[in-house]
Amino acid sequence: MSGEAQLEALLEIINSSARQAIAEYKNRGTSVPTLDAPEFHSLDLEEDTVALKKAIRLLEGACQQLCVTLAPPQHTVINFAQSYDWACIDVAIRAGIADILNEHPEGMHISELAELAHLEKGKLSRVLRVLASKGCFTLVDTDVFANNRLSLILRSSSNAGCLVRIHAQDVSQVAGVLYETLVDPEYATSYEPDKAPLIYVLKQKGLASFFDWIKEDDERREHYHRAMIGLGEIMGSLSVLHHYPWENVSTVCDVGASIGTFSLPLAKKFPHIKITDQDLSEVLVQAKDVWAKDAPEVLQEQRVEFIPLNFFEESPVEGKDVYYLRNIIHDWPDAKAAVILRNVRKAMGPHSRLLIHDYVLANGNRKSVSTSESMGADIAPEPMLPNFGAGNSRMYQQDLNMWFIHNAKERTLADSISLGAGAGLRLEKVYDLAESAVLEFRLA
């Protein structure tokens, strides 16, 4: 395919995927969203947005590939290095700009806004100008800013905003020493959790572990727990309730269940399923309070049980139809992940299935996409990069996040197949949910 033909094909993908996204919005609401909309679209808050996410994945990937093809390379690379969006987001969150503007939907002049935020107006204006140029906040008049659909995420009430805050405020510091950890003999070749780049930074502050860092600050701990809920919202994790055949499942063991982020909505949507939540005992104490508040009928009907588990030292309860692990395996390097899978494998019966719900890194070349296609993972059409390029950028950024924080990683499909095989498990199917994927394993 000639260069011009490739560009025309990308333009066609952009056009068709944009129209598909528009159709999804119109099917779920009265209209499509606008950039300066002061509130969320109804589709923004739904559990199942896989069709929209797949359209946006194509759109973002094709747009970025078209832009970097046509733009001078120095233009694009300096954009990579010179993006300070994270720093501006950090200022906006810590100064509570979106919360202040929430009380002034018509907008507020920078002089009043800066006074309430206790910041110098000229400098705050420059920060908000950067964000508004990317569509976050609306410049409604000269030096007058208002919230819009994007900046609503930066309000203190937003769980996704808590995740944004952690990355802008904390993980950014870790990214700044990445090269140092690559050349430090103690850290360079280690994949142990206590040799993560985060630990490199924390030791300079007199802290020894990720858990020390979390426990040190009550506000940080609260933000972290809410950020994990926000990650589920960003990943669209509950779309699995709509894209897996739960009607054929009678029993589920949620391994590393936390407070029931997945299993509680599962219990509400599928009342025929008996659920076992397993996590550390101190986590389950909190979980029982959450269930009592949000799903008392499930407790009364005895459709859920809570059993403590340390998945490195023991196996889950035996013989369940489904063992579900979400955002668990990616927290650990291969050696520790293998221990978890072997312990789950011991509990599985001939009919059991293991569902691993994580990001799955897609192939960046077309020489090795056949396995992905045969298992059910989506592949981008030519001439796009087969991994959707920028359309899947968050999974690659998340892979770096797991390295920075835990010295762990997101895995390719081949990585997961190999890891499962080592534990006596066979990958049977991939449920591609656009942002993340569910890998279904059975006994080998």
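**Figure 1. D378 and R57 form a salt bridge.** In this predicted model, the closest N and O atoms of D378 and R57 are 2.8 Å apart. The pair links distant parts of the chain. D378 lies in the loop between α18 (370-375) and α19, and R57 lies in helix α2 (residues 50-70). The two residues are 321 residues apart. R57 is buried, with a relative accessible area of 5%. D378 is partly exposed, at 26%. The bridge belongs to a network of salt bridges that links K54, R57, D378 and D432. R57 also meets a ring: its charged end sits over F388, 4.0 Å from the ring centre.

**Figure 2. R411 and D334 meet through their side chains in a salt bridge.** The N to O distance is 2.8 Å. This pair, too, links distant parts of the chain. R411 is in strand β10 (residues 411-412), whereas D334 is in helix α17 (residues 334-347). They are 77 residues apart. Which relative accessible area does R411 have? The value is 5%, and R411 is buried. D334 counts as partly exposed, at 36% relative accessibility.

**Figure 3. D218 and R221 form a salt bridge within helix α12.** The closest N and O atoms are 2.4 Å apart. Why are D218 and R221 separated by about one helical turn? They are 3 residues apart in helix α12, so about one turn lies between them. An α-helix has 3.6 residues a turn, so residues three or four places apart point the same way. D218 counts as exposed, at 54% relative accessibility. R221 counts as partly exposed, at 28%. A search of the whole structure finds 20 salt bridges.

**Figure 4. Y187 and Y200 are one of the aromatic pairs.** The whole structure holds 12 aromatic pairs. Y187 and Y200 pair edge-to-face, with 5.3 Å centre to centre and 80° between the planes. Y187 lies in the loop between α9 (178-183) and α10 (197-203), and Y200 lies in helix α10, so the pair ties together parts that are 13 residues apart in sequence. Are Y187 and Y200 buried or exposed? Both are buried.

**Figure 5. F262 and Y324 form a stacked aromatic pair.** The ring centres are 3.7 Å apart, and the planes differ by 20°. The pair links distant parts of the chain. F262 sits in the loop between β4 (251-255) and α14 (263-269). Y324 sits in strand β7 (residues 322-326), 62 residues apart from F262. F262 counts as buried, at 2% relative accessibility. Y324 also counts as buried, at 0%. Ring pairs join F262 and Y324 with Y244, W246 and Y431 in a cluster.

**Figure 6. K336 lies over the face of F312.** The distance from K336 to the ring centre is 5.6 Å.

**Figure 7. K195 is found in the loop between α9 and α10.** At 16% relative accessibility, K195 counts as buried, because buried means under 20%. Which residues are in contact with K195, leaving aside its neighbours within four places in sequence? They are E186, Y187, S190 and N407. Among these, Y187 is the residue that pairs edge-to-face with Y200. N407 comes just after α19 and takes a positive phi of about 60°.

**Figure 8. Helix α19 (residues 393-406) has the expected span.** At 1.5 Å a residue, its 14 residues should span 20 Å. The end C-alpha atoms are 20 Å apart, which agrees. Which residues of α19 are buried? They are M395, Q398, D399, N401, M402, F404, I405 and H406. These buried residues pack against the helices α8 (159-175), α9, α10, α11 (210-216) and α12 (218-235), and against the strand β9 (360-361).

**Figure 9. An open sheet of 3 strands has the order β1-β3-β2.** The pairing is antiparallel. Which strands are at the edges? The edge strands are β1 (108-109) and β2 (138-141), and each pairs on one side only. β2 and strand β3 (residues 144-146) run antiparallel and are joined by 3 bridges. L139 stands opposite F145 in β3.

Terms used:
Residues are numbered from 1 along each chain as its sequence is written. This is a predicted model: local features need pLDDT of at least 70, side-chain atom pairs count only at pLDDT 80 or more; totals for chains, interfaces and linings use all residues. Side-chain values use heavy atoms; hydrogens and water are left out. Rings of Phe, Tyr and Trp (its six-membered ring) pair if their centres lie within 6.5 Å; planes under 30 degrees apart count as stacked, over 60 as edge-to-face and the rest as tilted. Helices (H or I, at least four residues) and strands (E, at least two) are DSSP runs, numbered from the N terminus. Buried means under 20% relative accessible area, exposed over 50%, partly exposed in between (1.4 Å probe, protein chains only). A charge sits over a ring if NZ of Lys or CZ of Arg is within 6 Å of the ring centre and within 35 degrees of the ring normal. Two strands pair if DSSP finds at least two bridges between them. The expected span of a helix is 1.5 Å times one less than its number of residues. Contact means heavy atoms within 4.5 Å. A salt bridge is a side-chain nitrogen of Lys or Arg within 4 Å of a carboxyl oxygen of Asp or Glu.
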